[in-house]
There are 2 protein chains.
Amino acid sequence: MFSKACEYGIRASVYLARQAEKGDRASLTEIAKAIDSPVAFTAKILQLLARHEIIISYKGPTGGYEIPKEHLSGIQLSHIVKVIDGDKVYRGCGLGLKECNASKPCPLHFQFKAIRDELKEMLQSTTVQDLANELHRRPAFLKR
Amino acid sequence: MFSKACEYGIRASVYLARQAEKGDRASLTEIAKAIDSPVAFTAKILQLLARHEIIISYKGPTGGYEIPKEHLSGIQLSHIVKVIDGDKVYRGCGLGLKECNASKPCPLHFQFKAIRDELKEMLQSTTVQDLANELHRRPAFLKR
DNA sequence: AAAAAAACGGACAAATTTGTCCAGTATATA
DNA sequence: TATATACTGGACAAATTTGTCCGTTTTTTT
């Protein structure tokens, strides 16, 4: 569904969202440990998210990554997915055709579109804050 | 969503379903041309489907691949997907966790499950015959 | 100012997926 | 029975994704 990179990206963002609620930032190694991901690979993904201003990075001692508290409710999962995986999740044809739309559909087009639209809706209506809250409300996990 | 191999596999199966309605079989090269896929790679996929008895292969002149007419309504898309991509589409966690279920969920588990269940339902309730019919009812395409 | 901590960025490496090639086997037809 | 046709299966190659390494830059602390 999503690439590994994107999965790590979402998990890292949720972890940062939870830290943000505490007013904390987190270092690369802390994040990678918390979400059980390969450190150096995670670094690449965090850099990407930082370049797109979804998270903020700080160098030097006491540095790390951070999501400003006031951004928490504005960061949709769809933003993260778009930055890392692009928009193929939304636009792509289920059967891999380059050109597939209502006027020139593949035989699975309409069934597939229905599901993809729901996925899109879900990703747009879910924020990193929602998922951080989820971590509080019940025991939920970012690794294993 | 699906692998390339799986996309080709579904497209090839739908093409074969349409041929089956005419009582025809189709050769590898004919199929690859019809669905615009790499010939040798398509061969691998057809072999896989044949080994799992989703399609039948015949060697020699007049040979090719075929779906028995009477099987048409019994072949669900989920069968094809399972043979080629396995069941990760159904079982996998949206955030890539190895262990993710209702009692130990990732923060996205329930939202994700809802969508995946619909996908599953759609793949199970759609047969290759349904898609072949789709090709008749309106202009729909298997390539481009 | 020096040292240490932490992100950055580019090059490289491994793994997986996608795709190719070709010799072998089975089969229909002449 | 010879020949041509078409699928089979294994080895190989290219492309993409995933993951690593390391020197550089920035910033904090001493």
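A polar contact is a pair of N or O atoms within 3.5 Å; within protein, one must be able to donate a hydrogen and the other to accept it, and residues adjacent in sequence count only if both atoms are side-chain atoms. One such pair joins chain A to DNA strand C: an N or O atom in the side chain of A:Ser57 lies 2.5 Å from a phosphate oxygen of the strand.

The model is predicted: local features need pLDDT of at least 70, side-chain atom pairs count only at pLDDT 80 or more, and totals for chains, interfaces and linings use all residues. Residues are numbered from 1 along each chain as its sequence is written, chains are lettered from A and ligands numbered from 1 in the order in which they are written, and side-chain values use heavy atoms, with hydrogens and water left out.

Start with chain A. It has 7 helices and 2 strands. Helices (H or I, at least four residues) and strands (E, at least two) are DSSP runs, numbered from the N terminus. Along the sequence the pattern reads α-α-α-β-β-α-α-α-α. Taken along the principal axes, the C-alpha atoms fill a box of roughly 55 × 30 × 30 Å.

Now turn to DNA strand C. There are 24 residues around the strand, and A:Leu28, A:Lys44, A:Ser57, A:Tyr65 and B:Lys4 come nearest. Sugar and phosphate make up 68% of the strand C atoms that come within 4 Å of the protein. A residue is near a strand if one of its heavy atoms lies within 4 Å of it. The phosphates have further partners. A polar side-chain atom of A:Arg51 is 3.3 Å from a phosphate oxygen of strand C. B:Lys4 uses a backbone N or O atom, 2.9 Å from a phosphate oxygen of strand C.

Both chains build this surface. Chain A gives at least two residues from each of α3 (39-51), β1 (56-58) and β2 (64-66), and chain B does so from α1 (4-21) and α3 (39-51). By class, the surface near strand C has 10 nonpolar, 8 polar and 6 charged residues. Here Ala, Val, Leu, Ile, Met, Phe, Trp, Tyr, Cys and Pro count as nonpolar, Asp, Glu, Lys and Arg as charged, and the others, Gly among them, as polar.

DNA strand D comes next. Of the 24 residues around strand D, A:Lys4, B:Leu28, B:Lys44, B:Ser57 and B:Tyr65 come nearest. Sugar or phosphate holds 66% of the strand D atoms within 4 Å of the protein, and bases hold the rest. B:Ser57 places a polar side-chain atom 2.7 Å from a phosphate oxygen of strand D. For a polar backbone atom of B:Leu28, the distance to a phosphate oxygen is 2.8 Å. For an N or O atom in the side chain of B:Arg51, it is 3.1 Å. Two or more residues of this surface come from each of α1 (4-21) and α3 of chain A, and α3, β1 (56-58) and β2 (64-66) of chain B.

Finally, look inside chain B. α3(B) and helix α4 (residues 77-85) pack at about 115 degrees, with axes 10 Å apart. Axes are lines fitted to C-alpha atoms, for helices over the stretch in contact, and angles run from 0 to 180 degrees between N-to-C directions. The contact (heavy atoms within 4.5 Å) is made by B:Ile45, B:Leu48 and B:Leu49 of α3(B) and B:Ile80, B:Val83 and B:Ile84 of α4(B). This contact has 6 nonpolar, no polar and no charged residues.
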